[in-house]
Amino acid sequence: MATPNTVNGFSREMFENWTVQMRKGVLDLCILKALSAREWYGYALVKALVAVPGVGVAEGSIYPLLARLRRQGLVTTRLEESNEGPARKYYLATTEGRALAEEMEAYFAEMLRGVAGLQAAVNAEADRLPGTLPTK
Amino acid sequence: MKNWTTQAEQRLTEYLAERATREGFTGEDAVELKEDLRRHIHEESQQLPAETISLMQLEQLLGKLDAGYRPAVPASDSRPARLPLRWRFWSWTAGVVLPLAVLLFEAITRFCGGVFFDPVPTWWHILLVAMVPGLNVWLLRSRPGTPSRWSGLAAGFSLGVSLFYGALFLPIVHLSLFALLAFGIGFLSLIPILAAIQSWWIGRSKLLETSEPTRFRHARRWGLAAAGLALLALEGPGLWTRVNLQLALTEHQTPSAALTRLRWFHSESSLLKACYEGNRGTSMATDIPGWMLRSWQFPAAALGLNRLQTADSQRVRELFFRVTGKPFNSLPPPSTRLGTGMMGRIDPLAEDFEFDSHTGGDSVAVRIKQLDLTESRFDGHLYGDARLGYGEWTLVFANGGRVAREARCQIQLPVDGRVSRLTLWVNGEPQEAAFSTVAKVKAAYREIAVVQQRDPVLVTMVAPDTVMVQCFPVPTAGTMKIRLGITAPLTGASWDLPRIIERNFGIPATLEHAVWLQGNRSFSLTAETDSQSSTPDGPAHSLSAAIHRDGFLTDPLVWSATGLSPTPESVWCEDSHATPDERFLIREPIAATPPAATTPPIVVIDGSAAMAAIKDRILEALPAGQSILLLADDTARKITREELSKVRFSGGRDNEPALREAIRLAKAAGGGPIVWLHGPQPVPLAQPEALLQLLERGSNLPSIGECALAPGPNRLMETIYRSGILHRLDRLDNGALSQGRSTRQAWKWRRAASADGLPGKQVSDHLARLWAIEQVESNHAPDTAAARSAIGARYQLVTPLSGAVVLETREQYDRHGLTQGDPSASPQVPPIPEPSSAMLILITLTAALARRRRAA
């Protein structure tokens with residue numbers, strides 16, 4: 001029988017912790033990737049990021065990340081006066097930020113390929129050693 | 001844009017502060033995060049249909065923004081979060097109360113201004129400094145909803161001003177700390193530094209709590225810029241002047257680049273202030289720009305790296321003239337503050353530090369505060385038949401200071417005029433002067449005035465038709481009254497009233513120079529723009545006028561006889577100083593002869609700023625011939641008439657090189673005439689010996705006709721006038737410039753033992769003084785200098801060889817071998833009708849009667 005924290009036989013809390021860790025890493029990549037392509041108005045960037053499936057962060061959580069990236073010199077900002085309210089802040093990745101984004105993206109792609117490759121390896125091992133569990 | 005309720009605004013501010021803390025952000029990072037979140041919420045709020053964002057709408061927005069958001073517990077107190085008590089105490093104490101208190105203290109006592117520098121020399125400075133506590137009060141009392149642009153602007157301005165003043169006091173912070181620890185005093189100079197720190201802290205607090213940090217920071221930058229601009233406007237000209245003055249004092253080429261820059265732009269008040277600092281004269285503290293350049297010496301001296309240095313006052317005063325074209329003492333001394341009211345009157349320190357090191361000296365030097373000419377009266381009599389005038393100038397000096405002062409001035413006399421009477425009032429009684437050699441009268445004055453601190457007055461001649469008057473002491477809170485009698489011939493039909501060309505005392509703007517003129521024929525008094533004619537007064541004519549201060553200081557006042565015959569007649573007088581066989585002195589005119597053709601004069605034109613207004617007159621008066629024109633612009637530059645019309649006169653120019661060059665050229669040409677058109681030359685010569693050598697050596701000595709076209713002292717003239725080659729041109733006209741000298745009536749003098757059969761009329765015995773002046777000053781007189789000096793003393797004349805001094809007691813006169821003048825024998829302005837005229841009428845009537853009897 002499953003405990004209240006257990007759904008479909010696994011711990012929900014554990015899954016949520018894992019997604020938090022996952023999002024943290026991927027969010028940096030998403031931000032740098034977006035800002036490598038062009039300059040973004042902060043509000044629009046946040047809206048675009050929260051719309052990415054699976055990112056699932058609160059809008060207010062992105063600003064601390066952006067501040068950290070700016071402090072690290074990966075992102076630059078500029079202000080533009082607005083007649084309709086506070087000055088608008090625009091973000092753009094620096095050269096270092098773009099280089100890091102490319103490297104992160106390559107690493108992420110490699111990792112995805114690795115994960116996909118791992119499945120094939122598991123299947124091959126099952127064929128080589130009869131008696132082990134089939135993959136499906 | 002949506003409207004926000006106060007509660008919503010306040011709640012947002014609280015949320016943002018809490019969120020920044022939750023994220024672990026502090027300082028600028030916290031400010032930036034709050035700003036980003038606020039911007040986001042603002043964008044979100046724009047999507048809402050409601051026109052006003054209330055607390056409820058805000059809570060919805062925050063819930064969407066923040067996954068971990070918990071609505072706020074309703075606050076019981078709607079007031080904004082306040083600073084901790086101890087910070088509030090320090091903010092109010094160091095940011096408001098102490099700066100205000102020290103400003104008031106300095107404004108009243110001028111404590112710092114009397115010792116180091118004047119931090120608030122004008123009302124603008126006081127306003128600027130008062131804005132620091134004022135703006136800090138406003139910032140401390142403002143609510144979080146205050147528009148960020150205003151609070152940022154205020155914080156920036158307050159920070160800018162307080163940083164500037166804090167930095168000014170940093171160089172003496174070690175002295176303050178030492179005094180504070182050792183004696184318990186010295187806190188005052190630390191207050192601006194504390195105020196600067198506190199202003200920064202108050203601004204930072206407002207930044208952390210503001211709803212628009214970007215706007216706040218932007219406005220703060222504008223506030224800082226505004227403070228910088230205000231300080232630049234107040235201190236920029238002074239700083240520019242001080243920096244270039246410093247460079248000019250160290251540069252040795254002439255003219256220096258710094259001097260050229262200063263002539264282009266300078267702050268006259270800053271230059272003048274510098275004239276009263278340094279190693280001579282007074283020891284007044286400096287101004288803010290002066291302090292900015294000098295204050296580094298304090299920490300450097302404390303570290304043993306340097307010694308405190310003071311500028312050479314003489315050089316600074318020379319540069320003042322070189323830059324402005326004006327003698328430094330032609331302007332009132334720099335006021336300690338604003339002149340009137342509490343801040344002007346209470347000046348307890350400055351005066352005590354003011355030291356006049358020139359008492360009893362040969363120069364007029366620094367202007368003394370609170371020493372003024374308070375009364376001025378001139379009484380004159382025109383002797384038309386004798387073609388001479390006599391005037392008495394009564395001057396009353398008042399000293400409002402705490403120490404006795406010496407009043408000094410140079411007075412320019414009428415052309416060929418000499419002082420023939422000197423009176424000092426001692427204990428209300430007029431005392432006449434003793435006339436003797438210059439050395440004797442100077443020695444007596446120095447001993448009595450400077451050593452014994454008693455009452456004398458001294459008059460000596462320092463330049464052509466120019467005397468130096470020294471009176472000491474003008475007592476504390478008292479007055480000193482003197483009278484100068486002046487005898488001078490008419491030049492043509494005119495007699496220039498004497499005027500002060502250099503002084504160490506002030507003349508109140510309200511002072512009126514009371515003029516009374518009389519004569520046995522009609523006359524007029526002409527100023528630059530005005531003219532007044534005499535009116536009949538009994539058997540004579542008189543005129544009364546009240547001349548405004550500026551009128552008698554700058555404009556020449558010319559007293560002119562009307563209806564004089566163009567051909568003068570012989571006259572005679574009884575000379576009481578002569579031996580019986582030469583008792584009667586006769587003056588006969590020598591018929592004018594056409595001037596001999598001479599080489600055209602070399603014309604030296606002063607390039608100083610004072611000459612700019614007279615350029616057109618000079619061009620008109622210049623002869624059309626082949627005169628050599630030399631522009632005295634610190635060098636000797638040959639120019640043409642066309643070039644002269646384009647010359648831009650600026651600053652004060654050294655005329656010595658041009659004059660030296662002119663003398664060389666004139667000598668080479670066989671001793672032709674030189675005409676020197678000039679303004680003041682109030683600074684000492686660079687190479688006086690080189691000039692004197694040219695005048696003392698060789699045979700082809702030129703004659704120099706000088707014409708002062710702007711009033712002021714002239715050290716160059718003082719140096720060369722004793723050589724005898726310098727003479728005064730009475731007017732700037734074509735004739736004088738063509739000849740190099742004024743065309744004056746020449747006279748023949750002779751003497752007789754009896755009055756029988758003498759030609760012409762008997763006139764005033766002033767005629768004998770004119771003869772004596774010629775005898776004393778003529779280079780061709782056969783007498784020795786001692787004999788000529790004795791003539792000057794006997795006829796009671798101040799000449800290059802004789803002076804006048806009034807002492808206090810007979811014992812003082814005896815001790816110095818001087819004989820006090822007899823009041824009954826001293827010249828005076830006669831009552832109307834004058835005795836001589838009445839006597840003339842009587843003699844004429846008697847002679848007519850005697851002739852009728854003989855004929856009968």
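Q: What percentage of the 856 residues in chain B is buried?
A: This is a predicted model, so everything here describes a prediction. Chain B has 856 residues, and a residue counts as buried when 20 or more other C-beta atoms lie within 10 Å of its own. By that count, the buried part of chain B comes to 46%.

Q: How many helices and how many strands does chain B have?
A: Chain B carries both kinds of element. Its contacts reach along the sequence too: among those with a separation of 6 or more, 77% are between residues 24 or more positions apart. As for the tally, it is 29 helices and 30 strands.

Q: What pattern does chain A follow along its sequence?
A: Chain A has 136 residues, and 18% of them count as buried. Its elements are four helices and five strands. Of its contacts between residues at least 6 apart, 47% join residues at least 24 apart. Read along the sequence, the pattern is β-β-α-β-α-α-β-β-α.

Q: Is helix α4 of chain A largely in the open or largely enclosed?
A: Helix α4(A) covers residues 95-128, and its 49 Å from first C-alpha to last is close to the 50 Å expected for 34 residues. Just two of those 34 residues are buried, so the helix lies largely in the open.

Q: Is strand β4 of chain B largely enclosed or largely in the open?
A: Take the strand residue by residue: β4(B) runs from 388 to 399, which makes 12 residues. Of these, 10 are buried, so the rest of the structure leaves β4(B) largely enclosed.

Q: Which residue of β11(B) stands opposite Tyr390(B)?
A: Strand β4(B) pairs with β3(B), residues 371-383, in the antiparallel sense over 12 bridges, and there Asp379(B) faces Glu392(B). Those two strands make a hairpin with four residues between them, and Arg387(B) in the turn has a positive phi of about 55 degrees. Strand β4(B) also runs antiparallel to β11(B), residues 478-489, joined by 12 bridges. Opposite Tyr390(B) in β11(B) you'll find Thr487(B).

Q: Which are the edge strands of the open sheet β12-β19-β15-β16 in chain B?
A: This four-strand sheet has antiparallel pairing. Inside it, β15(B) and β19(B) are joined over four bridges, with Leu525(B) partnered by Trp559(B). An edge strand pairs on one side only, and that fits β12 (494-496) and β16 (531-533) of chain B.

Q: Which helix lies across β20, β21 and β28 of chain B?
A: These strands belong to an open sheet with mixed pairing, in the order β28-β21-β20-β29. The edges are β28 (747-752) and β29 (761-762), each with a single partner strand, so one side of each has no neighbour in the sheet. Strands β20(B) and β21(B) run antiparallel, joined by four bridges, and Val571(B) sits opposite Arg587(B). The helix across β20, β21 and β28, at about 75 degrees to β21(B), is α26(B), residues 766-777.

Q: Which element gives the most to the largest nonpolar core?
A: The largest nonpolar core has 138 residues, and Phe397(B), Val467(B), Val604(B), Leu767(B) and Val805(B) have the most contacts inside it. With seven residues, the element that gives the most is α26(B).

Q: How many residues are in the other core, the one with Leu49(A) among them?
A: This core lies apart from the largest one. Its residues include Leu49(A) from chain A as well as Leu16(B), Phe157(B) and Ile288(B) from chain B. Its count is 76 residues.

Q: Which residues does Val467(B) touch, not counting those up to four places away in sequence?
A: Val467(B) is one of the residues with the most contacts inside the largest nonpolar core. Leaving out the residues up to four places away, its partners are Ile411(B), Leu413(B), Val419(B), Val459(B), Thr460(B), Met461(B), Val462(B) and Val798(B).

Q: Which element gives the largest share of the side of chain B that touches chain A?
A: The contact takes 19 residues from chain B and 15 from chain A. On the chain B side, the elements giving two or more residues are α2 (27-47), α3 (55-65) and α10 (213-250). By class, that side has five nonpolar, three polar and 11 charged residues. The largest share, 10 residues, comes from α2(B).

Notes. Residues are numbered from 1 along each chain as its sequence is written. Chains are lettered from A and ligands numbered from 1 in the order in which they are written. This is a predicted model: local features need pLDDT of at least 70, side-chain atom pairs count only at pLDDT 80 or more; totals for chains, interfaces and linings use all residues. Two residues are in contact if their C-beta atoms, placed from the backbone, lie within 7 Å. Two strands pair if DSSP finds at least two bridges between them. The expected span of a helix is 1.5 Å times one less than its number of residues. Axes are lines fitted to C-alpha atoms, for helices over the stretch in contact, and angles run from 0 to 180 degrees between N-to-C directions. Ala, Val, Leu, Ile, Met, Phe, Trp, Tyr, Cys and Pro count as nonpolar, Asp, Glu, Lys and Arg as charged, and the others, Gly among them, as polar. A nonpolar core is a set of buried Ala, Val, Leu, Ile, Met, Phe, Trp, Tyr and Cys residues joined through C-beta atoms within 7 Å.
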